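Hi,

Here is the structure I promised to pass on to you. Have a look at it first, and then read my notes below.

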Amino acid sequence: MDIKMLKTFQMIVKYSSFVRAAEEMNYAQSTVTMQMQKLEADMGVQLMERGKKIKLTEAGRLLYEQSLHIVQDMEQLQKNMEELQTGTAGHIRIGVTEPTASYRLPRILKRFLSNYPNIRISVEFGNTPTLSERILKGDMDVALCSAPDLGTELYFEPLFKENFVVLMPEHHSLAEKECIGPADLQGHRLLITSTICPYRRKLEMVMKEYGITTLDTMEIGSMTALKSYVESDLGIALVPQILVSPVPAGTVVKELSGSLIDMTFGLLCKATEAPLKLAGARLYSVLKQELGELSEAH
């Protein structure tokens with residue numbers, strides 16, 4: 001028994017005619033007859049009484065009723081498989097760091113899913129080391145983050161550089177300066193992210209280059225939360241510019257002199273899986289195009 005025989009059987013029942021069923025299925029009448037003979041042989045029962053008018057047996061009625069959803073489910077499954085192979089359906093697991101997770105990705109995914117409604121996406125937030133590990137374990141397909149450590153089995157495609165600024169309370173003693181340099185940060189509480197955050201590690205490297213080894217710091221676990229702590233007058237922070245548009249009430253934004261933090265942001269996946277396939281390839285292409293335009297804008 002296969003789906004073709006069930007569909008032919010349903011067509012015979014619908015039109016009460018072998019001839020009409022053959023026409024609708026674009027089969028020879030002999031083909032329809034052979035399919036019904038085989039279907040009855042497979043089922044081991046008579047399904048219909050042939051005469052001037054076709055009449056279903058009890059077994060025929062049972063098969064007809066229960067085969068309706070079977071054929072529908074099988075057709076949907078075939079459609080799903082075709083969409084999976086063409087990349088218009090599937091499940092993509094994506095990891096992303098802040099601030100792109102909250103400020104850039106939602107609008108991109110909205111447009112993407114409106115074009116591909118049968119693709120399912122799971123979004124996981126994290127820092128670059130965590131996302132790198134998840135990809136290597138196979139728990140994630142692709143990530144939007146900063147460059148991973150060298151020597152990993154990962155493929156990283158840079159897309160743009162994150163612009164950083166200094167955010168501080170409007171009454172802060174540094175608020176009168178046009179630009180803020182590394183030396184200006186000494187003597188003021190600096191709000192920073194966790195020790196494994198690439199932004200934090202890059203900041204510490206730059207400070208060491210300027211001979212600054214001691215800073216008054218307060219660790220905040222979330223990049224996007226930094227501005228709220230500045231608003232509460234707990235210190236100053238180096239934050240991505242996208243976080244402070246508009247500028248939070250009671251704060252001011254100052255440019256950094258030189259390139260205190262120059263973080264490259266891009267797409268990350270397993271080297272053995274680059275380029276991604278099917279649905280993942282479609283999303284990868286869209287992310288590359290839309291986020292790559294940020295680099296061109298600067």
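Strand E7 (residues 164–169) pairs with strand E11 in the antiparallel sense, over four bridges. Please keep in mind that this is a predicted model. To find the pairing on your screen, look for Phe 164, which stands opposite Pro 240 in E11. E11 also pairs with strand E9 (residues 190–192): here two bridges join the strands, and they run parallel. Leu 190 is the residue to look for this time, as it stands opposite Ile 236 in E11. If these two words are new to you, strands of a sheet pair through backbone hydrogen bonds, and they can do so either parallel or antiparallel.

How many of the five residues of E11 are buried? The strand covers residues 236–240, and five of its five residues are buried, so you can think of E11 as mostly covered.

Next, there is an open sheet of five strands, in the order E4-E3-E5-E13-E6, and its pairing is mixed. Its edge strands are E4 (119–125) and E6 (154–162), each of which pairs on one side only. From one strand to the next, the twist averages 20°. Within this sheet, E5 (residues 142–146) and E13 (residues 263–270) pair in the antiparallel sense over four bridges, with Leu 144 opposite Leu 267 in E13.

Two helices lie across strands of this sheet. Helix H7 (residues 128–137) lies across E3 (90–96), E4, E5, E6 and E13, and runs at about 155° to E5. Helix H8 (residues 198–209) lies across E5, E6 and E13, at about 135° to E13.

Now for two single residues. Is Thr 97 buried or exposed? It is in the loop between E3 and helix H5 (100–103), and its relative accessible area is 5%. Since buried means under 20%, Thr 97 counts as buried. Leaving aside residues up to four places away in sequence, Thr 97 touches Gly 126, Asn 127, Thr 128, Leu 131, Leu 144, Cys 145 and Phe 265. Leu 144 is the residue you met above, opposite Leu 267.

Ile 70 is the other one, and it lies in helix H4 (residues 58–86). With a relative accessible area of 37%, Ile 70 is partly exposed, because that value falls between 20% and 50%. Together with Met 74, Leu 77 and Met 81, Ile 70 makes a nonpolar surface patch of about 330 Å².

Happy exploring, and write back with any questions!

Best wishes

Notes. Residues numbered from 1 in each chain as written. Predicted model: local features only at pLDDT ≥ 70, side-chain atom pairs only at ≥ 80, totals over all residues. Heavy atoms only, no water. Buried < 20%, exposed > 50% of the residue type's maximum accessible area, 1.4 Å probe, protein only. Pairing = 2+ DSSP bridges. Axes fitted to C-alpha atoms, helices over the stretch in contact; angles between N-to-C directions. Contact = heavy atoms within 4.5 Å. Patch = residues over 30% accessible without salt bridge, like charges linked within 9 Å, V, L, I, M, F, W, Y side chains within 5 Å. Areas by Shrake-Rupley, 256 points an atom, 1.4 Å probe, with all protein chains shown as cover. Salt bridge = Lys/Arg side-chain N within 4 Å of Asp/Glu carboxyl O.
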